[in-house]
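Here's a short tour of a protein model with its sequence alongside. Take a look at the picture, then read on.

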Amino acid sequence: MRASSPCLLLLSGAVLALAVAASPTRDTIPILKAPEAFHEELVLKPLNDGSVYSHFQFTTHIGTMMDDDHFDGAASNLFKHYNLFPRSIGQILHSFEVEELHLTFTQGRWQYSDWGYPLAPSAGTGVELWAWLNDDRRQTDEHWKGLTNTLSGLFCASLNFIDDTITTEPKLSFRNEGLYNTHSAPAADAFTRNSINSNNNNSSIPRKLRYGSLPHENVCTENLTPWIKLLPCKSKAGIASLLKSHKLFDTRFYSMAVHVRSVCEDEQCRVKSLELVQTITAVFDVARHDGSFDWSISGLFEREITQSCPLASTSKVIVNLPQTTQIENQYSLVPHPPQGIHAEGSGDKRQEIAVYDLKKILANTTSFQLSLQWKGSRPQSVRAISPGIVAHRYFTGFGQERGGLAIEIRNNNSQDIEAIYLDTVPWYLKLYLHTFSIQLDGKTLDNQRELVQKMFYQPAVDRSRPAVLEMALKLPANSLVKFTVSFDKVFLKYTEHRPDANRGFDVGYAVITAQLPREQGQIGYGGLDHLRLYQEREAGLVQGRRRIRDRNQEEEKLEEDKIRVYTDTLLVSLPTPDFSMPYNVITMTCTVISLFFGSVFNLMMRNFEVVKKEKKMAKKSSTGGDDTKGKGKDKTEKTE
Amino acid sequence: MGLLSRLSKAQRQQIFGRFVLSWMPTLSYIMVAVSFFWLLALPHQDYSKRTYVSENALLPGAANVQFSWDDNLAAEAYRDIVQRIAYSPSIERAQALEREFAAIGLKSATQNYTLNTSTESLHGVNTYAVFYAPRSDGTEALVLSASWLSKDKTFNINAISMLLALGKTFKRGSHFSKDIIFVVSDGEAEGLQAWLKAYHGNEEHTHERSEETLKVRSGAIQAALNLDFPGTGDYNALGIFFEGVNGQLPNLDMINTINQITMGIAPVELTLHDELVPYTDNMTKNYLNSLRRMLYQMKYQAVGTPTGNHGLYLKYKIDAITLYGIDRPGWNSHRFNLFRVGALLEAAVRSLNNLLEHLHQSFFFYLLSDVRRYTSIGLYMPPVIILGVSFIFQALSLWGLSGDLPIELESIAEGRKDIPVALPYSRRSRNFKVASTTMSMAIVTGAVTFHLLTTEFGLMGETPMLKLVASVGVCSMLVLSAVSAAHVRNQIIRSASTVQKARAAAEKKGNSSSSSNSNSSDKSHSVADQELTPAADWIMLKTLILALSALIVTTLSALNFSLAVSMGILIVLPYMAFRPSRWTIVSIAEALILLVLSPPGLMMVASWWYSKDPSEVLSWVLREYEILGTWLLPTACFIYWPLNLAAVIMVLLPVS
């Protein structure tokens, strides 16, 4: 634990941090534009099936720190003062010593085979939370518990249900993304070579990963409102003014995320800053009503942008144009981007991007409108999407006693792909690892070493932790790999069933993390960092840095992108007792007991005597106490 | 009382026990009568209740229906397409449908399957498409299915075009919480079965059965509606078919939901199966109609054949019913077209979509006397249990009496005091060897016939009828050998016992002078004699048959009530009443009746009743077993036939 640095008379803690951090090597550190900066982007992309993919990204940077700084305390003075960075997040990071935080709320399913990969890295239905926590003082578990409970309160979600029975610590997946960005070496190195101990910077700080997901958590307005509150301009100005919950939640896919990580500000990664990325991803089905593929911003969101967020350094709308084959000029984009259309790649890999700088556009006009119209309202021929890796996981068998899990992973690439498979199975499904079998293109594989290079299995413990199966795979080119494993379903205690017992239990998704060559040229590739490329290209910074990076990677030839593929969540029905039966039993038992007990108690406790009337009179006159009075009452009852 | 008071306690107990035993047969006949009357009373109005929607989440007919005239036009356009491709080869029409579903915007695919039964080779291609409900997590799904061949062997054109039109309608909505899977299965039942197997990851790739793995999938199927709307015209009424494989039934709420919708949002005439009965006030006619409907249900359940493709879902714990469009020209009711059907189906799907949990509220065991009246398990279970108990009573009384020494009964009746009190161990020994051997031989024979019928056991390529003849031959060989062996054995024993008796008589003569109480010693001698000669083999065999029948009827009643009842009714009287007679002609008549009740006999009766060739009936049974896995053939071969064989042997055994 560091000592608190002396309080200096500086306006912002962040500036102080910059000053302290910068002092020893002042000459080599690039000068930052501002200690805090906010960028907002909206990416729109028409998808092949008539849907429109929209991705809002709000990035807030705060302060800088040196190599061995981390967010454990006041040393960096990072969280002493807040301008743009939301205080609620800052305090959470500070008090639970969170190095990196990723929280995603998702509704609906991402259709990989139709839509390619999303720009936001997480797309599993429900809520996903993972964080790298500082383990200096071995308080990770308390901190994790505190973190889930606090976030639960902040986002009005049931995150507090991420308890020990759900939390896992993946060994290969979910490496820290911080310090992996366009500047530093790609995480591919860490990913393949030192995957277990892959704190891919030279820091010696002990960190621990905690991962948890709630597959059945519904996402709605009450989660969106606190999310919007984290933005500097809220939803009053800028692209965030498009966020209307009525439209957003009537989409085929909706995802909302908060990512916090540290990023490098220079090539050697001596200066770092903390980055908060908030994203909203929504896929609008524009062809739902009339079959027309035309769309406009006001049609999608029922709102329009009238001013850019004054606090934002950049405010852009980026349109990833559809790639049609054969026929030119099939569609018209109104208005035409003032800076023209950027093109990248050629032939099948050609990508065209139109960029609108709202700061400039809204300086002249009152509102920003954008629409895309197809000739004949439907595209004639759009380049088909063939995502590099598609996964499908499903239950086999029927009945409530046993079942099986089957996972199909298809590699559509023309080269071998390294991937990591992570599956968390709740403890009430008893996996039998000896039944684990692998099929490659329909044939059972004997030599599994070739395919499964590493395998971690954490057996479940009843009522305390889930089973975790994690594998480092080498997927052969153009292949279909299928895993199957059998399990028994546990007979739960009756109190462990949910109120909707007959619905069954949700089993969360499996996650496949893969390094894909950037040949498909999808916008989704590279996740958040790819968008950063656009941003930096605009800033004129990217050229030089890219060149340096390319030189570093000469031997690697192909640029690679790390993507995560999420499978659908599953529903498993466990043996369910007839819950009306206990009710019947309780009712009947109570009735019998009340009838029986009452009369028997009465019979046993009462004292029946036959007495003569005169005697009674005499007795009453002679003694006359409370005792006899009670008795007398009984007697009269009896005689009557 | 006078007689009883003079006897010791042990004697009194014995007499009481014997009294009960001797009354048991009568009691069991009374119970059979009670059971029969109870069963006949079930269709009566007073024994059934009105159905009601038990699962509150269903809210049938509460949602606004969006199926419009435009959708109706779309359905009619699809009808033309389906009609055009109906006569193309399987693969072509499947691919055409796949394209149509894809054009709507659904993920669609096809599935090949091959099924080689002992008599035929079936190959087909299924088409299926998944509507991914927007905003849902895809853990749950509903299925709408239609097979290319309708129940009446014509093309199911309206149903398939309805699936396409509904796909288009559903695509517009964002209010679905469950994915909807559209399945157009090839053939009749085999296509859907192949699809269901593959959906649950149980696909096989053997020579007999091969199912292609599914490419598109969704979550756990919660409920399914199977559509059967043959032809291209309008319909008079809507029929509900609900009996599944081996008498399994869907949750009654499935039927209640449709019922509720046809009374409100989509008014059509609704009936059970395809029975159209005019409304009547007449009590007797009403009763007879109810009885007939109930008998229909029990027939389907007992035979175990599903009345539609919905029956295949039930095995996977998916509640499903078939909706059948009844086209009966001349029937006096408002005819309805695809528009009405579309509204009905959309309302039904919206209602099922409301489900929060798997259907579990309403009844899974019921008899329907009308589409709006049901009889619950509490009312219909007692008669079959009573039948089972009557079997047990008969068996117990036979068992008890078989151990008695008949002479005691006589002496008690004479009121003699000096009779030797029968001690618990002074019983007639029961020789169980013959009975148990016969029974186990019968069961083995049953197993052999089953294998003769199902596998190509040295009868490759032969017709099923030849196999049946072979198995009947095996059975008759068993009967002949068992009966003749028993008779021969009886002869030997009899001759041996006459020798013994002669010897005993000679001994008695020698001892008579020294004996003081000749009479009592005579009695005690005869007691000893009786102890030596065990009860007749037929008694033991009959006891065994009756006990086994009780076991089987009561066990089956929990699995398939109708099968248990029909089996019980068939066998209860013959098995209880028949016994070998001193007159051979009576025994032979009994044996003949039992032969009529044997599986081949019943098959003949059925073929006569439906005026079909017996070989057709047999190949139908075989086909049902091989394709759908119904229990009819195994039950007949492993349970019913062995009992029947044993009974035939029993009546032909020697009396003594």
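Let's start with a sheet in chain A, keeping in mind that this is a predicted model. Five strands of chain A make an open sheet, in the order 14-15-21-17-18, and their pairing is antiparallel. Which strands stand at the edges? They are strand 14 (389-396) and strand 18 (443-444) of chain A; each has a single partner strand, so one side of each is left without a neighbour in the sheet.

Further in, strand 17 (residues 429-440) of chain A pairs with strand 21 (residues 479-489) of chain A in the antiparallel sense, over eight bridges. If you want a spot to zoom in on, find A:Ser437, which stands opposite A:Thr484 in strand 21 of chain A.

Chain B has an open sheet to look at too: three strands in the order 1-12-11, with antiparallel pairing. Its edge strands are strand 1 (49-50) and strand 11 (366-370) of chain B, and each of these pairs on one side only. Strand 11 of chain B runs antiparallel to strand 12 (residues 373-376) of chain B, and four bridges join the two. There you'll see B:Tyr366 opposite B:Ser376 in strand 12 of chain B. Packed on this sheet is helix 11 (residues 377-402) of chain B, which touches strand 11 and strand 12 of chain B. The direction of helix 11 of chain B makes about 50 degrees with that of strand 12 of chain B.

Now zoom out to the domains. Chain B is divided into domain 1 (2-41 + 381-505 + 523-652) and domain 2 (56-371). The centres of these two domains of chain B, taken over C-alpha atoms, are separated by 45 Å. Where they meet, 18 residues of domain 1 of chain B are in contact with 17 residues of domain 2 of chain B. On the domain 1 side, helix 17 (561-577) and helix 20 (614-628) of chain B each supply at least two residues. Helix 20 of chain B gives the most to that side, with seven residues.

What about the two chains? Here, 24 residues of chain B are in contact with 31 residues of chain A. The table sorts two contact sides by residue class.

| Side | Nonpolar | Polar | Charged |
|---|---|---|---|
| Chain B, touching chain A | five residues | 11 residues | eight residues |
| Domain 1 of chain B, touching domain 2 of chain B | eight residues | six residues | four residues |

Finally, back to chain A. An unreviewed UniProt entry lists residues 583-605 of chain A as "transmembrane region". In the model, that stretch of chain A is 100% helix and 0% strand, with its end C-alpha atoms 32 Å apart.

Technical notes. Residues are numbered from 1 along each chain as its sequence is written. Chains are lettered from A and ligands numbered from 1 in the order in which they are written. This is a predicted model: local features need pLDDT of at least 70, side-chain atom pairs count only at pLDDT 80 or more; totals for chains, interfaces and linings use all residues. Two strands pair if DSSP finds at least two bridges between them. Two residues are in contact if their C-beta atoms, placed from the backbone, lie within 7 Å. Axes are lines fitted to C-alpha atoms, for helices over the stretch in contact, and angles run from 0 to 180 degrees between N-to-C directions. UniProt positions are given in the numbering used here, feature names are shortened, and annotations may be inferred rather than shown by experiment. Ala, Val, Leu, Ile, Met, Phe, Trp, Tyr, Cys and Pro count as nonpolar, Asp, Glu, Lys and Arg as charged, and the others, Gly among them, as polar. Domain bounds come from an automatic or database domain assignment.
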